[in-house]
Amino acid sequence: MQIQTQITVDLNRPGIQTVPAMQHDAQTRAVAISLLCDGQPWQPPEGVTAAIGFERPDRTRGVYDRLADGTAAITISDSVATVLLTAEVLSVPGCVRACLVFHDENLNQLSTFPFRIQVQVNPAAEAPQMDDYCRLQWLQDKLDEYLTLAKDSGEFNGPVPTLLGQEVDFQISSDYRQIPTGQWEEALPACPPGEYVWSRTTAHYDSGDVVSYSVSRNGVDGDGALISVCGVGPDENGNVSITAEDVGALSCVGGAVQGQIDMGGQKLTGLPDPTEDTDAAGKGYVDAQAAAAVTAAGQAVKTSFVTFFLNAAAWKGSAAPYSLSIPISALTSEKLARVTPIYSGSNTARDLAMRDACAAITYAKRTEGGITFTCLAEKPAVDIPVTAEIYV
């Protein structure tokens, strides 16, 4: 019986998919991986080999391309790779990080297609012991290839060694640099947090044994570790995304300052002209306003006011048009003048009569040493108090 899950992975479009599985299932879980590159089917080049790398939740890592009986764990047809998951991959419940890796004949890593395996707890079985069936057959193949080349070149005349079998032993150590000298065990022993698990692989060839070592560390349980940044916890991938507001900084796209800012002698530039009373202003705007104020002050000093009456009985002429000349000695030829009536603001009847009287005046014209007012129809019926503002 084989349970197969279909997923699609794209080399240039990261998007990790998850494969469901049950703890301790042995060689009955397969993943059919459709390989894409930018949305198009991708086929491995000629001479490229594939392997599966994995990391379990207990941080144990492994890589394999063959099963214990020597059969291939990965088959590729066109752009679909079918991977058989081993019991070691599924021995620990939780999220297993996995990837399909392609190597060339020199073992250079070419392409990697990541995915996840979500291993569900199997309450009906206990965890099996570690065994050595997950091995890389391509190591044996490359050894055979190199020995054949050496023999063909005349540098090696002996027979090509044949792998008869291999054994894996384990030992716990506090040092990851020195090979431990204690007792090796066939079963994987319990490893305290922070300690290292050494594995010793003894490959038996007909020409002798070859011993290799690897080491991995059992991480601590996370107590006392950093679990958030400025109150923001990690997402499902372990990443913490924070904003300027989270760290108490001012965003570059706006925000409210909560305290005093010391510019440290640096300039604040790029200010627009203010439109509100609370807006900051730049030097150019302030200088222009100051110059305008100085000019206005100078004008005010040179401005004088003359008040007089346009008496209703003083208008000349027995019929329209009527005229009335007001001499103003301060109004010289280089000066300007503006004449405005003076309303009481409290006597409504009088102000209305004054408004009608002002409406009767057609125009006012500067004459030598004064101003002459002219009425082309009716003349005012009441006296009009007037102020003449004279300025340069």
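## Arginine 61 and its partners

Let's start with arginine 61, which is exposed, with a relative accessibility of 63%. In this predicted model, the side chain of arginine 61 meets that of glutamate 55 in a salt bridge, at 2.5 Å from N to O. Glutamate 55 sits on the other side of the burial scale: with 7% relative accessibility, glutamate 55 counts as buried, because buried means under 20%. So what does a pairing like this rest on? Side chains of opposite charge can pair when their charged atoms come close.

Glutamate 55 has another partner too. Arginine 59 forms a salt bridge with glutamate 55, and here the closest N and O atoms are 3.4 Å apart. Arginine 59 is partly exposed, at 48% relative accessibility. Add Arg97, and you get a network of salt bridges linking Glu55, Arg59, Arg61 and Arg97.

## A pair linking two strands

How many salt bridges does a search of the whole structure find? The count is 9. One worth a look joins the side chains of arginine 338 and glutamate 389, at 2.6 Å from N to O. Arginine 338 belongs to strand β16 (residues 336-341) and glutamate 389 to strand β19 (residues 384-391), so this pair ties together parts that are 51 residues apart in sequence.

Is each partner buried or exposed? Arginine 338 is partly exposed, with a relative accessible area of 46%, while glutamate 389 is buried at 18%.

## Backbone oddities

Now for some unusual backbone spots. Most residues other than glycine have a negative phi, and most peptide bonds are trans. Arginine 59, already met in the salt bridges, has a positive phi near 75° though it is a residue other than glycine. You'll find arginine 59 in the loop between β5 and β6 (61-64). Aspartate 38 isn't a glycine either, and its phi is positive at about 55°. Aspartate 38 is in the loop between β3 and β4 (40-41), and with a relative accessible area of 40% this residue is partly exposed.

Which residues are joined by a cis peptide bond? They are alanine 320 and proline 321, with omega at about 5°. Proline 321 is in the loop between β14 (304-310) and β15 (322-327).

## The nonpolar cores

Time to look inside. The largest nonpolar core has 31 residues, and Ile33, Leu35, Leu100 and Ile117 touch the most other members. Strands β1 (3-10), β2 (18-22), β3 (29-37), β5 (49-55), β8 (80-85), β9 (94-103) and β10 (109-120) each give two or more residues to this core. Apart from it there is another core, of 18 residues, including Leu324, Leu331, Cys375 and Ile384.

Leucine 35 is a good residue to zoom in on. Leaving out residues up to four places away in sequence, leucine 35 touches Val9, Gln40, Pro41, Trp42, Ser79, Ala81, Leu100, Phe102 and Phe113.

## Nonpolar residues at the surface

Nonpolar side chains turn up on the outside as well. Val257, Ile261, Met263, Leu268 and Leu271 make a nonpolar surface patch of about 460 Å². Isoleucine 261 is exposed, with a relative accessible area of 52%, and its place is in the loop between β13 (208-217) and α2 (283-301).

For the protein chain as a whole, the accessible surface is about 24700 Å², and carbon and sulfur atoms account for 52% of that.

## The chain as a whole

Stepping back, the protein chain has 3 helices and 19 strands. Of its 392 residues, 30% are buried. What share of the contacts with a separation of 6 or more comes from residues 24 or more positions apart? That share is 62%.

## How far to trust the model

The mean pLDDT of the protein chain is 81, and 87% of its residues reach 70 or more. Among the elements, strand β18 (residues 370-375) has the highest mean pLDDT, at 91, and helix α1 (residues 137-152) the lowest, at 72.

Where does pLDDT stay under 50? That happens over residues 127-134, for which the model has 20 contacts beyond four places in sequence. Where pLDDT is low, the predicted coordinates should not be read in detail.

Terms used. Residues are numbered from 1 along each chain as its sequence is written. This is a predicted model: local features need pLDDT of at least 70, side-chain atom pairs count only at pLDDT 80 or more; totals for chains, interfaces and linings use all residues. Side-chain values use heavy atoms; hydrogens and water are left out. pLDDT is the predictor's confidence in each residue, from 0 to 100. Helices (H or I, at least four residues) and strands (E, at least two) are DSSP runs, numbered from the N terminus. Contact means heavy atoms within 4.5 Å. A nonpolar core is a set of buried Ala, Val, Leu, Ile, Met, Phe, Trp, Tyr and Cys residues joined through side-chain atoms within 4.5 Å. Buried means under 20% relative accessible area, exposed over 50%, partly exposed in between (1.4 Å probe, protein chains only). Patches are made of residues with over 30% relative accessible area and no salt bridge: like charges are joined within 9 Å, nonpolar side chains (Val, Leu, Ile, Met, Phe, Trp, Tyr) within 5 Å. Accessible areas come from the Shrake-Rupley method with a 1.4 Å probe; for residues, only the protein chains shown count as cover. A salt bridge is a side-chain nitrogen of Lys or Arg within 4 Å of a carboxyl oxygen of Asp or Glu.
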